[in-house]
Amino acid sequence: MPITIRQIHPVFVGEVSGIDAAKAVTREDAQAIDAGMAKYAVLVFRDQKLTDEQQMAFTRNFGTIEDARGGNITKPRDRRLVEGMNDVSNLAKDGSPLPRDSRQRLFNVGNMLWHSDSSFRVIPAKYSLLSARTVNRKGGNTEFADMRAAYDALDDETKCEIDELVCEHSLMYSRGSLGFLDYSEQEKLMFKPVLQRLVRQHPVSGRKSLYLSSHAGAIVGMPMPEARILLRDLTEHATQSKFVYVHQWRPNDLVIWDNRQTMHRVRRFDESQPRDMRRTTVAGEVPTIAQ
Ligand SMILES: [Fe+2]
């Protein structure tokens with residue numbers, strides 16, 4: 001059966017049928033998915049029962065798996081999943097929900113802010129693939145915002161004003177905005193800010209998009225309060241409901257998004273119950289600007 005993609009939101013997001021991600025994918029199918037990603041920016045696949053190995057193998061069709069180091073505060077000895085898998089669950093190594101005061105859990109609350117994965121890296125992520133293994137009963141939707149449509153809708157004056165701006169991104173900015181401020185010296189070094197263009201252009205479609213993220217906390221050459229208010233205004237503009245798709249998870253959903261042209265956030269959920277979501281990340285190829 002050939003791959004078909006049906007658009008399920010007025011401005012982006014496609015639902016894919018005709019593929020089993022657990023099996024080896026033909027080159028034609030991988031190319032069709034890549035083309036779908038360039039066009040729709042988010043693709044939804046239903047009923048994809050995957051092991052971690054199958055998810056990683058599927059991910060490699062689209063590039064190299066990103067090195068996850070430097071992206072969180074979880075100690076290697078506390079890791080629940082193998083290298084190559086990003087654990088975005090609320091679970092400890094033994095499979096039970098993390099306690100309320102767990103530093104790891106509180107750090108992960110930052111995923112409830114609008115962001116683009118790995119925008120705090122010099123070479124930020126290309127795609128993220130999120131597989132729903134255990135869905136939480138209450139809440140936990142993931143929302144996606146189309147940053148191309150948001151850019152297109154800006155007036156010409158604003159486009160002109162922001163086109164060449166460069167932001168500083170760090171996990172300390174996103175977490176700091178939630179009052180998470182205590183870092184070891186080693187973590188401070190690990191979360192050192194990187195530079196990212198505020199407007200970027202997609203390498204395949206050529207479309208421009210706003211490259212926003214809660215990790216963005218400063219703009220080069222701009223006084224801090226002015227920078228922060230501009231970033232807030234742009235984020236408010238970009239996350240209007242007309243640009244947002246709300247994904248309600250079913251078990252075995254697989255959702256892929258292009259971090260270069262979308263933002264996302266998870267909504268609050270019942271943290272006493274398990275939510276087992278496993279992410280693989282396709283590494284980006286180039287920085288958005290020289291450091
Ligand atoms: Fe994320």
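What follows is a chat between a biologist and a modeller about a predicted model.

Biologist: Let's start with the metal. Which residues coordinate the iron ion?

Modeller: Keep in mind that this is a predicted model. The coordination distances run from 2.1 to 2.2 Å. Along the chain, the donors follow the spacing H-x1-D-x146-H. The donors themselves are His 115 (NE2), Asp 117 (OD) and His 264 (NE2).

Biologist: Is Asp 117 buried or exposed, and why?

Modeller: The cut-off for buried is under 20% relative accessible area. Asp 117 has a relative accessible area of 4%, so it counts as buried.

Biologist: And what about His 115, buried or exposed?

Modeller: His 115 is one of the residues that coordinate the iron ion, through NE2. Its relative accessibility is 4%, so the class is buried.

Biologist: Ser 116 sits between those two in the numbering. Which residues does Ser 116 touch, leaving aside neighbours within four places in sequence?

Modeller: Ser 116 belongs to the loop between α3 and β5. It counts as buried because its relative accessibility is 0%. One of its contacts, His 264, is also an iron donor. The full set is Tyr 211, Leu 212, Ser 213, His 215, Asn 259, Thr 262, Met 263 and His 264.

Biologist: Now the voids. How many cavities of 30 Å³ or more are there, and what is the volume of the largest cavity?

Modeller: The count comes to one cavity of 30 Å³ or more. The volume of the largest cavity is about 680 Å³.

Biologist: Which residues are closest to the centre of the largest cavity?

Modeller: The lining has 43 residues in it. By class, these split into 15 nonpolar, 15 polar and 13 charged. Closest to the centre are Asp 87, Val 88, Asn 108, Asn 111 and Arg 279.

Biologist: Which element gives the most to the lining of the largest cavity?

Modeller: The elements that give two or more residues are β4 (86-87), α3 (103-108), α6 (171-176) and β14 (262-266). The top contribution is four residues, and it comes from α3.

Biologist: On to the pockets. Which residues lie nearest the centre of the largest pocket?

Modeller: The largest pocket holds about 480 Å³ of space. Its lining divides into four nonpolar, seven polar and seven charged residues. Of the 18 lining residues, those nearest the centre are Arg 69, Gly 70, Asn 72, Thr 74 and Pro 76.

Biologist: What is the make-up by class of the lining of the second largest pocket?

Modeller: That pocket contains about 410 Å³ of space. Its lining takes in 17 residues, with Ser 177, Ser 213, Ser 214, Ala 216 and Arg 232 closest to the centre. By class, the lining has eight nonpolar, six polar and three charged residues.

Biologist: Which element gives the most to the lining of the second largest pocket?

Modeller: Two or more residues each come from α6, β11 (216-219), α8 (224-238) and β14. With four residues, the one that gives the most is α8.

Biologist: How do the buried residues of α2 fall when seen down its axis?

Modeller: The buried residues of α2 (residues 52-59) are Asp 52, Gln 55, Met 56, Phe 58 and Thr 59. They line one face of the helix, because they fall within an arc of 160 degrees.

Biologist: What covers the buried residues of α2?

Modeller: The residues to be covered include Met 56 and Phe 58. The cover includes α1, β3 (42-45), β5 (127-134), β13 (254-258) and β15 (276-281).

Biologist: Two loop residues to finish. Which residues does Ala 22 touch, not counting residues up to four places away in sequence?

Modeller: Ala 22 is in the loop between β2 (14-17) and α1 (27-40). It counts as partly exposed, because its relative accessibility is 25%. C-alpha to C-alpha, Ala 22 lies 12 Å from Asp 253, though they are 231 residues apart in sequence. The residues it touches are Gln 48, Lys 49, Leu 50 and Gln 54.

Biologist: How far apart in space are Gly 140 and Glu 226, C-alpha to C-alpha?

Modeller: Gly 140 lies in the loop between β5 and β6 (142-146), and its contacts include Trp 249 and Phe 269. It counts as buried because its relative accessibility is 2%. Gly 140 and Glu 226 are 86 residues apart in sequence, and in space the separation is 33 Å.

Terms used: Residues numbered from 1 in each chain as written. Predicted model: local features only at pLDDT ≥ 70, side-chain atom pairs only at ≥ 80, totals over all residues. Heavy atoms only, no water. 1 Å grid on protein atoms, 1.4 Å probe; cavity = no way out; pocket = protein on both sides within 12 Å on 5 of 7 lines; lining within 4 Å. Points joined across faces, edges and corners; volume = space filled by probe spheres on them. Nonpolar A, V, L, I, M, F, W, Y, C, P; charged D, E, K, R; others polar. Donors = N, O, S within 2.8 Å, 3.2 Å for Na, K, Ca; no water. Buried < 20%, exposed > 50% of the residue type's maximum accessible area, 1.4 Å probe, protein only. Contact = heavy atoms within 4.5 Å. Arc of directions from axis to C-beta.
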